[in-house]
Amino acid sequence: MIPVAFDYVRALDVPDALRLLAEHGEDAKLLAGGHSLIPMMKLRLAAPAVIIDIGAIPGLAGIARDGRRIDIGALTTHATLADSRELARHAPVLWQAANELGDPQVRNRGTVGGACAHGDPSADYPAVMLALDATFTLTGDDGTRDVGADAFFTGMFETALTPREVLTSIAFASAPNSAYAKFHHPASGYAVVGAAVNLTLAGGRIAAARVAFTGVGDAAFRAPGVEAALTGVAPGDAARLDAACRDAAAGAEVRSDPFASAEYRAAMADVYVRRAVAAALQPRE
Amino acid sequence: MKVTIRVNGDERTLDVEPRLLLVQALREELGLTGTHVGCDTSSCGACTVLLDGVSVKSCTMFAVQADGRRVTTIEGIGSQTDLHPMQEAFWTQHGLQCGFCTPGMIMSAIDLIRRNPDPSEEEIRFGIEGNICRCTGYENIVKAVTVAAAAVRAK
C-alpha cells in the first residue's frame, strides 16, 4: 500500500515547525512517531500534501516529576512511558495504558503526543488523560495555551488543537490510586472498552473520583454518574462499589459495530470500570 | 530526496521519494529481501528491523525518517558459517515452520533479550506480541528465544 505522494520537510525546533505550518497551511500535517498517521496514509484515508516531521526535535521527549506534578514531553514514546518506574508509582493509570497499547514495535515508535493529537475514539490515552485531568500545552504563533483534557478531546478524530499549533507537553498531578482496565479487540488490540479511574482517598473514604471511558462512544468521555456514586464510599464497601459501577455508560451514546453491539459495550463498561476501581484501590507500597 | 542510512554497518546513500517506506528501500533499492512484508498494516511484524538497535516495523516508517540512523536487518546479524545465537536457537529448537515470519520474529527477539536478558516464558510471549506466526508455531519460537537468551548470557 503506497501513500499519495507528498513533500517532506524536517522541523529543527518548535518555532521552525510553526513557520512551516504557516507556510504550508492546512495541506500540511505534523508527523511524530507516525504510528497513527502512516497507516492512515497507506490506506489513503489521509493524504496530506506536505509532511512536517517533528520527530527529531530535541527537548520534546522525557518524563519529569517535580513534587506532585508530572510533565511529559509530547514526543515521549509509549515504550518510555511503559518502562518508567516513576510512572508506575505516580500514575499507574497511564503506565498500564502505555503497557497495553499496541505491541513492542509500535510502542518503540509511537508517541504520547501523537496519539492524543490523533483523537482516535478507541485509543487508550484519551480516557486516561480525562481521568488524570491532564493539561495539554499547545504552542502556537502567539505563545502557548493550556487546555484541560475535558476541552481537548472534542470528537471522533477531533481535538482542540488548531492547524497552526503544536502539542508540546502534557502535565498532570500525581495519581497513585489510579488504574486502567481494557478489553482488547482480539485482532486490532484497540480498546473495545477502556476504563480509566483516578481516585483521591481521604479519611478512609473515596473523597473524589474521575472516571472515563474510551472505545465506548464517538470520543472518550467521563462518567459523572459513576464519579458521584463513588464519592464518599469506603474502599472496603464492595456492595456500594458494585452499585456505583452499574449502568456506567448511562447517558452516553454507545457505539455499535460488527464486533460489539451497543448493549454489549455498555455491559462491558460496567465490568471494566469495576475492575479498574478495584485495581485503583489496591494498597501500594 | 537524498538520505544516508547505515545499513548493516555500511553507509548507503539513496535518492528516494518521501513516500517510499523503509521496508521498500531495504528490499527494492538495496536488495535486502530477508525483511518480509506480511500484512502491510503494522500488525504482523514480518518487516521488523532494528533502528539504532531498537525493534521497529519497517512498513510503518518512511525511509526519509531513517536518514542518519543505523538500520540492522536479518542479513546483518550473522552469516551462513557464523549464525547469531538467535538464528542458531531457531534452527535447533525448530522455531520455524514455513519461515515467513522468522526474520521479523528473530529481530524482535533480539531486541527483547537486549532489554531483558533472562525473560520468563510469559515475558517472551508478551515481548513477541507484535509478531504473528500464521503457522501458529509459537511453542517452539518461545523455546528458541529461551535457549538463545541463555546462550547470550553464557557468552
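A residue counts as buried here if 20 or more other C-beta atoms lie within 10 Å of its own, with C-beta atoms placed from the backbone. By that yardstick, nine of the 12 residues of strand 12 (residues 191-202) of chain A are buried, so this strand is largely enclosed by the rest of the structure. The model is a predicted one, and strand 12 of chain A is a handy place to start looking around in it.

Strand 12 of chain A has partners reached through two hairpins. On the N-terminal side, strand 11 (residues 178-184) of chain A pairs with strand 12 in the antiparallel sense, with seven bridges between them. One of the matched pairs is A:Phe183 with A:Val193, the latter being the bridge partner in strand 12 of chain A. Six residues sit between the two strands of this hairpin, and A:Gly189 takes a positive phi near 80° there. Moving on along the chain, strand 12 also pairs with strand 13 (residues 205-214) of chain A, again in the antiparallel sense, this time over nine bridges. Here A:Gly194 stands opposite A:Thr214 in strand 13 of chain A. The hairpin of strands 12 and 13 of chain A has two residues between the strands, and A:Gly203 takes a positive phi near 60° in it.

These hairpins belong to the last part of a chain that the domain assignment splits in three: domain 1 (7-53), domain 2 (63-173) and domain 3 (178-280) of chain A. Strands 11, 12 and 13 of chain A thus fall within the bounds of domain 3.

At the other end of chain A there is an open sheet of three strands in the order 1-3-2, with parallel pairing. Its edge strands are strand 1 (7-10) and strand 2 (28-31) of chain A, each of which pairs on one side only. Neighbouring strands of this sheet are turned by 25° against each other on average, ignoring direction. Strand 1 of chain A runs parallel to strand 3 (residues 50-53) of chain A, and the two pair over four bridges. Within chain A, A:Val9 stands opposite A:Ile52 in strand 3.

A second open sheet in chain A has five strands, in the order 4-5-10-6-7, and its pairing is antiparallel. Strand 4 (63-66) and strand 7 (143-148) of chain A stand at the edges with a single partner strand each, so one side of each is left without a neighbour in the sheet. The twist in this sheet averages 25° from one strand to the next. Further in, strand 5 (residues 69-73) of chain A and strand 10 (residues 166-173) of chain A run antiparallel and are joined by five bridges. A:Gly73 stands opposite A:Ser169 in strand 10 of chain A. Helix 1 (residues 14-24) of chain A packs on this sheet, where it touches strand 6 (135-140) and strand 10 of chain A. The direction of helix 1 makes about 130° with that of strand 10 of chain A.

How do domains 2 and 3 of chain A meet, and how many residues of each are in contact? On the domain 2 side there are 23 residues, in contact with 22 residues of domain 3 of chain A. On the domain 2 side, the elements that give two or more residues are helix 5 (92-100), helix 8 (125-132) and strand 8 (153-155) of chain A. Helix 8 of chain A brings the largest share of that side, six residues. By class, the domain 2 side divides into 14 nonpolar, five polar and four charged residues. The C-alpha centres of domain 2 and domain 3 of chain A lie 20 Å apart.

Chain A also touches chain B: 20 residues of chain A are in contact with 21 residues of chain B. Strand 1, helix 2 (37-42), strand 3 and helix 6 (104-109) of chain A are the elements that give two or more residues to the chain A side. Helix 6 of chain A supplies the largest share there, five residues. The chain A side has 11 nonpolar, five polar and four charged residues.

As for chain B itself, there are five helices and five strands, following the pattern β-β-α-β-β-β-α-α-α-α along the sequence. The radius of gyration of chain B is 15 Å, close to the 15 Å that the globule rule gives for 155 residues, so chain B is as compact as a globular protein of that length. Its C-alpha trace spans about 45 × 30 × 25 Å along the principal axes. Of the 155 residues of chain B, 47% count as buried.

Conventions:
Residues are numbered from 1 along each chain as its sequence is written. Chains are lettered from A and ligands numbered from 1 in the order in which they are written. This is a predicted model: local features need pLDDT of at least 70, side-chain atom pairs count only at pLDDT 80 or more; totals for chains, interfaces and linings use all residues. Two strands pair if DSSP finds at least two bridges between them. Axes are lines fitted to C-alpha atoms, for helices over the stretch in contact, and angles run from 0 to 180 degrees between N-to-C directions. Two residues are in contact if their C-beta atoms, placed from the backbone, lie within 7 Å. Domain bounds come from an automatic or database domain assignment. Ala, Val, Leu, Ile, Met, Phe, Trp, Tyr, Cys and Pro count as nonpolar, Asp, Glu, Lys and Arg as charged, and the others, Gly among them, as polar. The radius of gyration is taken over C-alpha atoms; the globule rule is 2.2 Å times the number of residues to the power 0.38.
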